[in-house]
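Here is a friendly walk through one protein model, written for someone who likes to know the cut-offs. Have a look at the fold, then read on.

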Amino acid sequence: MNHPKHYLLYVTLPYAYSIMRPLQDAIRRRGDVAAWYIESSCENSLKDDEKQICTFDDVDVFNPVAVFAPGNYIPDFFPGIKVALFHGYAIQKRYEAIDDHFTIRGWFDIYCTQGPSSTPYFQQLSEQYRFFKVYETGWTKADTYFSPQMQQTTSNARPLILYAPTFTRNVCSAPHLIDVINEMAKTQPWDWIITFHPKLNDPEILEAYHRIADENDNVTFFDGPDKLQLIKQADVLLCDSSSFILEFMLLDKPVVTFRNSHPGPHLIDVQQPTEVATAIAEALTHPEALMENICAYTLHHEAHRDQRNSERVLEAVDDFQRNYQGRLPRKKISVIRKLKLRRQLGYPLWKRLNY
């Protein structure tokens with residue numbers, strides 16, 4: 001009799017829940033067990049039927065086959081194959097050294113890539129470093145986007161604009177668009193939802209946008225971790241430079257950007273706040289050329305649309321376990337980096353440094 005396999009889902013930020021819940025569903029369909037380990041600094045948004053593991057000792061007892069993380073690191077002292085799922089897409093057009101998406105930090109055994117925009121370069125990195133393997137699986141969160149429920153068209157009484165800026169200081173549009181969004185809320189026949197990345201925590205900016213929501217009945221401020229329903233509801237996204245743009249486009253919806261770092265024909269990009277309203281009005285007409293470019297752009301990043309991405313991730317773990325586990329060179333994580341993570345998480349500093 002085969003015993004159920006155990007898999008651990010590692011959470012450091014709220015966006016991890018929507019990325020890994022499709023994977024949890026795939027694990028359960030196999031008759032196996034998924035559990036969640038949530039860092040103490042992160043909000044606990046688990047549902048009643050979801051299993052949480054709270055201590056390091058309990059992780060050892062659970063003894064997962066694999067640990068999955070959509071962030072940049074994963075505890076090296078946890079048992080199991082370490083799997084990188086990514087928190088978004090590689091949104092730059094070219095592979096650039098500054099693109100954090102392609103930084104190899106030494107924590108992972110497997111990288112589950114999403115499509116042509118990421119797989120070839122990760123394969124090159126795998127040949128260079130040799131201690132990890134690359135599998136093109138598609139992004140687990142995309143299983144939700146291509147579900148019939150998400151793909152079904154939503155009809156709003158008035159156009160609904162979603163504003164979701166990134167948190168990165170040098171590209172964040174939030175400081176520049178306060179006045180123009182307040183003006184559009186008062187003068188344009190549109191409804192608004194404003195939502196920020198959890199790392200965008202400037203109190204002055206937050207206060208300014210909360211004030212806009214308080215003073216305008218057609219503006220709602222959303223402060224939750226799961227933005228899937230916002231994407232489904234909205235007609236147009238207003239953003240700057242974020243992989244969230246691509247997620248919105250997976251539902252064949254147009255995006256207006258403010259000073260995007262890598263503009264292209266899939267976007268309506270503007271340079272001045274005074275141009276935003278005209279750009280949104282254009283986006284609401286769904287120009288044919290724009291929509292064709294959106295389709296080509298999203299296919300380049302997310303090649304898999306059969307709702308089997310999470311299944312392919314588990315198949316990648318199976319293949320790695322059969323053919324590569326224990327046979328690759330050791331991961332190159334410095335002792336200093338390991339010690340810093342142990343200190344951050346409250347794990348004994350010198351325990352399992354050679355794990």
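## Overall make-up

The protein chain holds 13 helices and 13 strands, where helices (H or I, at least four residues) and strands (E, at least two) are DSSP runs, numbered from the N terminus. This is a predicted model, in which local features need pLDDT of at least 70, side-chain atom pairs count only at pLDDT 80 or more, and totals for chains, interfaces and linings use all residues. Residues are numbered from 1 along each chain as its sequence is written, and side-chain values use heavy atoms, with hydrogens and water left out.

The C-alpha trace spans about 65 × 40 × 40 Å along its principal axes. The radius of gyration of the protein chain is 21 Å, which agrees with the value near 20 Å for a compact globule of 355 residues; it is taken over C-alpha atoms, and the globule rule is 2.2 Å times the number of residues to the power 0.38.

## The seven-stranded sheet

One open sheet has seven strands in the order E3-E2-E1-E4-E5-E6-E7, with parallel pairing; two strands pair if DSSP finds at least two bridges between them. Strand E3 (51–52) and strand E7 (133–136) each have a single partner strand, so one side of each is left without a neighbour in the sheet. Helix H3 (residues 119–129) packs on this sheet and touches strand E6 (110–113) and E7, contact meaning heavy atoms within 4.5 Å. The direction of H3 makes about 165° with that of E7; axes are lines fitted to C-alpha atoms, for helices over the stretch in contact, and angles run from 0 to 180 degrees between N-to-C directions.

At the E3 edge, strand E2 (residues 33–38) is joined to E3 by two bridges, in parallel. Here Ala35 stands opposite Lys51 in E3.

## The six-stranded sheet

Another open sheet, also parallel in its pairing, runs E10-E9-E8-E11-E12-E13. Its edge strands are E10 (219–222) and E13 (268–270), each pairing on one side only. Neighbouring strands are turned by 20° against each other on average, direction ignored.

Within this sheet, strand E11 (residues 236–239) and strand E12 (residues 255–258) pair over three bridges, and Leu237 has Val255 in E12 as its bridge partner. Two helices lie across these strands. Helix H6 (residues 178–187) crosses strand E8 (160–163), strand E9 (191–195), E10 and E11, at about 150° to E9. Helix H10 (residues 276–283) lies across E8, E9, E11, E12 and E13, running at about 175° to E13.
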